[in-house]
Amino acid sequence: MKKFGIPFVAAFVLLTLGTASTMASPVGNVMAGRKYMVAARDLTPWSAGLYYRGGTREAEVGNTDESIEFSRISVYAAYDVLSWLSPYVKIGSSTINLDNSTDPQSKPEFGFGARFNILHHDILDPTFFEDSIMVNASIEYSMTEATRDEDTQTFAEVYASATVSLLNEILGDKFYLPNGIALFLGPSYSIIETGSTTTDSDFGFLIGLEIFYSEKVSFYLSSEQMGKDSTSILAGLNICL
């Protein structure tokens, strides 16, 4: 490994994730510079993955504040129409608790979105900061159903985020060590609508850690805070086919 700074910071972020919270786009970052708008070459156009997202959101129903609890698991498939642009579709299952029900029902979830790999820049000097900076963005629309007072309602979300990642490539035996570790953070935007409910905390901030086991396989954990009491957490697996 070229240095020890990033692993120590990564350990700190892992401890922090338990108290904060998401990167709602299921499609993770890409380590290879050729997959970016700047310094790009074509790679395999298909990718797929699995991810989980769960947490709470504060909403205003009439004049009453309400906490929405959700747990969502999905699989996605993405295709690189350009080296830096990956539209995707996803399908999964969601459990949405709108009214503190003791037995919320799991419902199918569908969605689509796009992932943008905007910038990949190598830092070569000074040596201690010999890493890569990546800039990514995403936008997504998803839809499922939720039950309120025995009435089934559509539950829809629009989500967008932009992140800056600091990627540390690791030297050594790749059988034991990953190709790289990236720390990322950035702003996010989310709005959820279901029946008369619209969330009142639309802008947030996310922080996360992504481990690139190889150039084609990565794992990530991300945490997001929206407003004072709205938190969520996401974990996922990405595979470039």
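Author: Helices (H or I, at least four residues) and strands (E, at least two) are DSSP runs, numbered from the N terminus. Lys107 lies in one of these runs, strand β4. This is a predicted model, where local features need pLDDT of at least 70, side-chain atom pairs count only at pLDDT 80 or more, and totals for chains, interfaces and linings use all residues. Residues are numbered from 1 along each chain as its sequence is written, and side-chain values use heavy atoms, with hydrogens and water left out.

Reader: How many helices and strands does the protein chain have?

Author: The protein chain has one helix and 11 strands. Along the sequence, the pattern reads α-β-β-β-β-β-β-β-β-β-β-β.

Reader: What does Lys107 touch, not counting residues up to four places away in sequence?

Author: Contact means heavy atoms within 4.5 Å. On that basis Lys107 touches Gly92, Ser93, Ser94, Thr144, Glu145 and Thr147. Take Gly92, which is 15 residues from Lys107 along the chain. The C-alpha atoms of the two are separated by 8.5 Å.

Reader: What makes Glu157 and Arg57 a salt bridge?

Author: The test is a side-chain nitrogen of Lys or Arg within 4 Å of a carboxyl oxygen of Asp or Glu. For Glu157 and Arg57, the N to O distance is 4.0 Å. That meets the limit, so the pair counts. Glu157 sits in strand β6 (residues 151-169) and Arg57 in strand β1 (residues 46-61), and their positions lie 100 residues apart in the numbering.

Reader: Why is Glu157 called buried?

Author: Buried means under 20% relative accessible area, exposed over 50%, and partly exposed in between (1.4 Å probe, protein chains only). Glu157 has 2% relative accessibility, so it counts as buried. Arg57 is also at 2% relative accessibility, so Arg57 counts as buried too.

Reader: Which side chain meets Arg72 at 2.4 Å, N to O?

Author: Glu109 does, in a salt bridge. Arg72 lies in strand β2 (residues 64-79) and Glu109 in strand β4 (residues 106-122), so the pair ties together parts that are 37 residues apart in sequence. Both residues are buried. Arg72 also meets Glu157 in a salt bridge, at 2.9 Å, N to O. That pair joins strand β6, with Glu157, to strand β2, with Arg72, 85 residues apart.

Reader: How do you know that Arg72 is buried?

Author: Arg72 has a relative accessible area of 4%. The limit is under 20%, so Arg72 passes.

Reader: How many salt bridges does the structure hold?

Author: The structure holds six. Some link up: Arg53, Arg57, Arg72, Lys90, Glu109, Glu140 and Glu157 belong to a network of salt bridges.

Reader: How many aromatic pairs are there, and what makes Tyr76 and Tyr88 edge-to-face?

Author: There are four aromatic pairs. In one of them, the rings of Tyr76 and Tyr88 have their centres 6.4 Å apart and their planes at 70°. Rings of Phe, Tyr and Trp (its six-membered ring) pair if their centres lie within 6.5 Å; planes under 30 degrees apart are stacked, over 60 edge-to-face, the rest tilted. So the Tyr76 and Tyr88 pair is edge-to-face. Tyr76 belongs to strand β2 and Tyr88 to strand β3 (residues 85-97), 12 residues apart. Tyr76 is buried, with a relative accessible area of 5%. Tyr88 counts as buried at 2% relative accessibility.

Reader: Why is the pair of Phe112 and Tyr141 called tilted?

Author: The centres of Phe112 and Tyr141 are 5.8 Å apart, with 45° between the planes. That angle fits neither the stacked nor the edge-to-face range, so the pair is tilted. Phe112 is in strand β4 and Tyr141 in strand β5 (residues 132-148), 29 residues apart.

Reader: Why is Tyr141 called partly exposed?

Author: Tyr141 has a relative accessible area of 31%. That lies between the limits for buried and exposed, so Tyr141 is partly exposed.

Reader: Which residues form the largest nonpolar core?

Author: A nonpolar core is a set of buried Ala, Val, Leu, Ile, Met, Phe, Trp, Tyr and Cys residues joined through side-chain atoms within 4.5 Å. The largest has eight residues: Ala59, Ile68, Phe70, Ile96, Leu98, Ala146, Phe155 and Ile192. Leaving aside neighbours within four places in sequence, Ala146 is in contact with Ile96, Leu98, Asp151, Thr152, Gln153 and Phe155.

Reader: How much of the protein chain counts as buried?

Author: Of its 241 residues, 44% count as buried.
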